[in-house]
Each structure stands twice: as structure tokens, then as C-alpha cells.
Amino acid sequence: MNLLVTGGAGFIGSNFIRYMIDKYPHYTIVNYDVLTYAGNLENLASVEKHPNYHFIKGDIGDKTLVNDTVKNYAIDIIVNFAAESHVDRSITEPDIFIKTNVLGTQVLLDAAKDHNLRKYVQISTDEVYGSLGETGYFTEETPLAPNSPYSASKAGGDLLVRAYHETYGLNVNITRCSNNYGPFHFPEKLIPLMVTNALEGKDLPVYGDGLNVRDWLHVMDHASAIDLVIHDGRPGEVYNIGGHNERTNITIVKLILELLGKTEEQIRFVEDRKGHDRRYAIDPAKLTGELGWVPKYTFETGIKETVQWYLDNKYWWSRIKNGDYMNYYEQQYGAK
Ligand code: NAD
Ligand code: TDX
């Protein structure tokens with residue numbers, strides 16, 4: 001099997017590639033990534049010399065390079081992780097989100113169609129469903145109602161995937177997962193930002209009242225779910241991925257401080273995110289029932305292991321948290 005993994009140098013894509021090389025060392029894995037601020041080949045240092053791993057630096061919007069790569073490596077399946085992924089950045093700079101997440105997806109779909117690939121898998125998000133009230137879950141039948149430029153661009157990509165299945169008969173799957181966490185998570189997102197800020201003695205900026213709820217999924221449990229969808233997902237189907245780990249943001253921030261032996265004095269409540277979705281929660285019954293997915297991590301074991309990873313890998317995140325990152329940080333949170 002020859003897989004084209006787009007966006008494989010980012011957080012989830014790089015964990016997925018390491019998972020797949022470990023489990024299927026005979027598969028060819030081509031990582032196609034343009035290396036934006038979020039792409040980092042250091043995430044793949046442990047597999048870069050593997051004989052069946054290849055890296056191509058390229059934009060998913062580059063039709064010629066995408067098509068050449070699909071042809072040259074005799075690709076069977078595209079798994080598309082490539083995206084602009086940070087909601088806050090989409091609020092200040094939506095253009096690139098549309099370009100990559102919508103137009104880029106269309107280029108990949110055309111390549112999958114024109115080369116008669118076995119399957120195209122789109123890695124999407126529960127954010128396309130919008131926000132839940134205090135009860136209930138997102139199912140695959142929940143109507144799309146995205147609230148941020150990021151989630152709207154992901155929903156746009158998903159609709160194109162659906163249309164290529166309906167119009168051209170392309171074999172597709174869409175996966176929609178909840179918030180991931182784990183090693184190599186870029187420190188602009190809640191968990192790695194809070195862990196690294198706590199270690200640096202900085203403020204921990206909590207948006208609004210801190211009571212927004214996210215449903216946390218360990219990135220390796222996400223990888224095992226995608227593995228099942230690639231191999232056994234039924235043509236044209238959507239699969240939601242989540243492990244029933246709902247927590248308020250403030251609960252997570254306090255837990256991180258406790259695990260690090262720090263006091264709550266570092267917490268700073270700041271202005272709320274615009275259009276901030278209140279609650280996400282996934283019903284994974286289709287994935288568990290149809291494909292037999294069982295997550296390995298509880299949130300308690302996963303978060304402890306993750307905090308320890310940041311303690312052990314300061315070289316990785318301290319290199320990121322300078323230069324361009326600091327410009328973004330100061331714009332987003334002020335100087336503190
Ligand atoms: P990330 O921002 O860490 O990584 C994105 C990767 O895509 C980077 O390596 C980047 O260089 C690459 N990329 C961006 N634009 C590209 C382009 N035009 N061409 C080629 N490569 C490009 O993101 P992530 O957190 O790993 O998310 C991966 C996917 O999963 C995204 O599609 C995201 O929408 C989705 N998702 C993420 C989460 C989460 O909690 N992180 C949850 C649900 C869904
Ligand atoms: O500084 C912060 N303070 C804060 O209170 C940051 C960065 C976040 N938050 C809150 C906002 C959210 O309620 O924490 C929650 C999580 O925020 P993010 O880490 O930015 O994630 P979220 O907006 O939920 O989106 C993530 O999950 C779905 C990913 O970034 C998306 O790519 C994915 O689709």
C-alpha cells in the first residue's frame with residue numbers, strides 16, 4: 001500500500017506517520033507538506049531514515065507537484081491532514097484558511113479522481129457541526145453549522161469531498177474528531193500553551209469564563225481510528241472520532257498546574273474568543289460499533305504522559321517559542 005499523507009509534518013500528521021510506520025513498516029508513506037509555521041520535520045526525526053518513508057516539500061494547492069507525486073509514487077490512498085488549523089489565527093487572517101482548506105482540498109480530490117485512487121480520506125473536525133448546548137452529542141447526522149472562518153473552511157472542504165463521491169463516484173471517507181492532545185502539539189493550542197507557559201513562569205490566558213467544554217482525544221487513539229477508516233471505512237461514509245472526555249477549559253488548566261506543582265496564581269482570565277463555541281462532544285458509536293475502535297488512553301493517563309513529554313522535550317518547544325511565534329503571541333495576548 002502506498003499512502004500520500006499531506007500535512008504530515010504537523011502535530012497529528014506526524015504522530016499518524018510514526019504510528020503507521022511502526023505498524024505497517026512495509027507500506028510506502030509519502031509525507032507531502034509545505035512546512036508552514038506549524039510544520040516541523042523534527043517531529044519525524046525518529047522515522048526519517050526509514051527506507052519506506054519519503055518527504056516532498058510542496059503545497060497541496062500546487063496541481064503539478066501533487067499530480068507528479070501521486071504518479072511517481074504510485075499512490076493508492078491520499079490521507080489529507082494539511083490545513084491551517086488554529087481558530088484564533090482564522091479570526092485575524094481568514095484568507096489562507098480558504099486557500100488551503102477549501103481550494104487545496106479540491107486539488108487533492110482532482111488528483112485522486114484523475115489517477116483513480118482506491119480512496120481519499122479527509123481529516124476533518126467536530127467544529128463543522130457548530131456548538132452544543134449543555135446536553136447532547138454530535139453524530140454524523142448533525143447538520144453542519146460552522147461558526148469560525150476555520151470551521152467554515154473545513155466544512156467547505158468536507159462538502160467538496162462529499163460532492164466528489166456523489167458526482168464522480170470517488171471512494172471517500174471523512175473523519176471528524178474532537179480536540180486532540182499529545183506529544184508534538186504546537187504551543188499555540190490550549191494544552192501545550194498552558195503547559196509551556198506554566199513552565200516558563202508566564203500567565204495562563206483563559207478565554208471568557210473558562211467554562212467552554214472540549215472533548216479530548218489522545219492523538220495516538222486518533223491515529224488508530226484513522227487506520228481503521230482507511231482499511232475498513234465504507235465508501236462515502238463520515239466517521240466521528242471521540243473518546244467521551246469532556247472537560248471545561250478551566251478544569252484542564254488547573255489540572256496542568258497541579259501536575260506541575262504550580263499555583264493557580266498564574267491563571268489570567270482574558271477577553272473571550274469571538275464566536276467562541278461553548279461545547280463540543282462526540283458520539284463515536286458508529287466508529288466503535290461498525291469498525292470496532294477502542295481508545296487506549298483515559299484522559300488522566302494521557303494528560304500525565306503529555307505533561308511529562310513537555311518536561312522531557314524542552315528543546316523542541318523552546319525553539320518554537322521564539323521569533324515569529326513571539327510576534328503572534330504578543331499580538332494575541334499582549335506582552336505578558
Ligand atoms: P497542524 O497545524 O499542527 O499541522 C498542519 C500541517 O499542514 C503542517 O505541517 C503544515 O505545514 C501543513 N500545511 C498547511 N498548509 C499546507 C499546504 N497548503 N500544503 C501542504 N501542507 C500544508 O494541524 P493538526 O493539529 O496536526 O491538524 C491536522 C488536521 O486535523 C487538520 O486538517 C485539522 O483541521 C484537523 N483537526 C485537528 C484537530 C486538533 O485538535 N488539532 C482536531 C480536529 C481536526
Ligand atoms: O490561550 C487560550 N486560552 C483559551 O482559553 C487558547 C489558545 C484557547 N483557549 C480555549 C479556547 C477553546 O475553548 O481553549 C479551548 C481550546 O482551544 P484551542 O486549543 O485553540 O482548540 P479549539 O479552538 O477547540 O480547536 C481545536 O480542536 C478542533 C483545533 O485547534 C482545531 O484544529 C480542531 O479542528
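## Helix packing and two ligand shells

The axes of α1 and helix α7 (residues 219-232) come within 9 Å and cross at roughly 65 degrees. This is a predicted model, so please read what follows as a description of that prediction. The crossing in which α1 passes α7 is right-handed. On the α1 side the contact is made by F11, I12, N15, F16, Y19 and M20, and α7 answers with V219, M220, H222, A223, I226 and D227. Sorted by class, the contact of α1 with α7 has 9 nonpolar, 2 polar and 1 charged residues.

Let us turn to a second pair. Helix α4 (residues 95-114) and helix α5 (residues 149-168) have axes that come within 8 Å and cross at roughly 20 degrees. Because angles under 35 degrees count as roughly parallel, α4 is roughly parallel to α5. Here too the handedness can be stated: α4 passes α5 in a right-handed crossing. From α4 the residues F97, I98, N101, V102, T105, Q106, L109 and K113 take part; they meet P149, Y150, S153, K154, G156, G157, L160, V161, Y164 and Y168 in α5. The residues of this contact of α4 with α5 divide into 10 nonpolar, 6 polar and 2 charged.

The third pair brings in α6 (190-200). With helix α10 (residues 299-312), α6 packs at an angle of about 50 degrees, the axes being 10 Å apart. That angle makes α6 oblique to α10. The crossing of α6 past α10 is right-handed. In α6 the participants are I191, P192, V195 and T196, which meet T306, V307 and Y310 in α10. By class, the contact of α6 with α10 has 5 nonpolar and 2 polar residues, and no charged ones.

Here are the three pairs together.

| Helix pair | Axis separation | Crossing angle |
|---|---|---|
| α1 and α7 | within 9 Å | roughly 65 degrees |
| α4 and α5 | within 8 Å | roughly 20 degrees |
| α6 and α10 | 10 Å | about 50 degrees |

Now for the ligands. Ligand 1 is surrounded by 29 residues, and the closest are G7, G10, A38, G39 and A83. Which elements supply at least two residues each to this shell? They are α1 (11-23), α4, β5 (119-125) and β7 (179-181). Of these, α1 gives the most to the shell around ligand 1, with 3 residues. So two helices already met in the packing above return here: α1, which crosses α7, and α4, which runs beside α5, each supply residues to the shell around ligand 1. By class that shell has 13 nonpolar, 13 polar and 3 charged residues.

Around ligand 2 there are 16 residues, with S85, T125, K189, L190 and Y207 the closest. Two elements, α6 and β8 (204-207), give two or more residues to this shell. The element that gives the most is β8, with 3 residues. The contribution of α6 to this shell links ligand 2 to the helix that packs against α10. The residues around ligand 2 divide into 6 nonpolar, 6 polar and 4 charged.

Finally, a word on the annotation. In an unreviewed entry, UniProt lists residues 4-306 for "domain: NAD(P)-binding". Over residues 4-306 the chain is 40% helix and 18% strand, and the end C-alpha atoms of that stretch are 28 Å apart.

Key: Residues numbered from 1 in each chain as written. Chains lettered and ligands numbered in written order. Predicted model: local features only at pLDDT ≥ 70, side-chain atom pairs only at ≥ 80, totals over all residues. Axes fitted to C-alpha atoms, helices over the stretch in contact; angles between N-to-C directions. Helix = DSSP H or I, 4+ residues; strand = E, 2+ residues; numbered from the N terminus. Parallel < 35°, antiparallel > 145°, perpendicular 65-115°, else oblique. Left-handed = near helix turned anticlockwise from the far one by under 90°. Contact = placed C-beta atoms within 7 Å. Nonpolar A, V, L, I, M, F, W, Y, C, P; charged D, E, K, R; others polar. Near = placed C-beta within 6 Å. UniProt positions renumbered as here; feature names shortened; annotations may be inferred.
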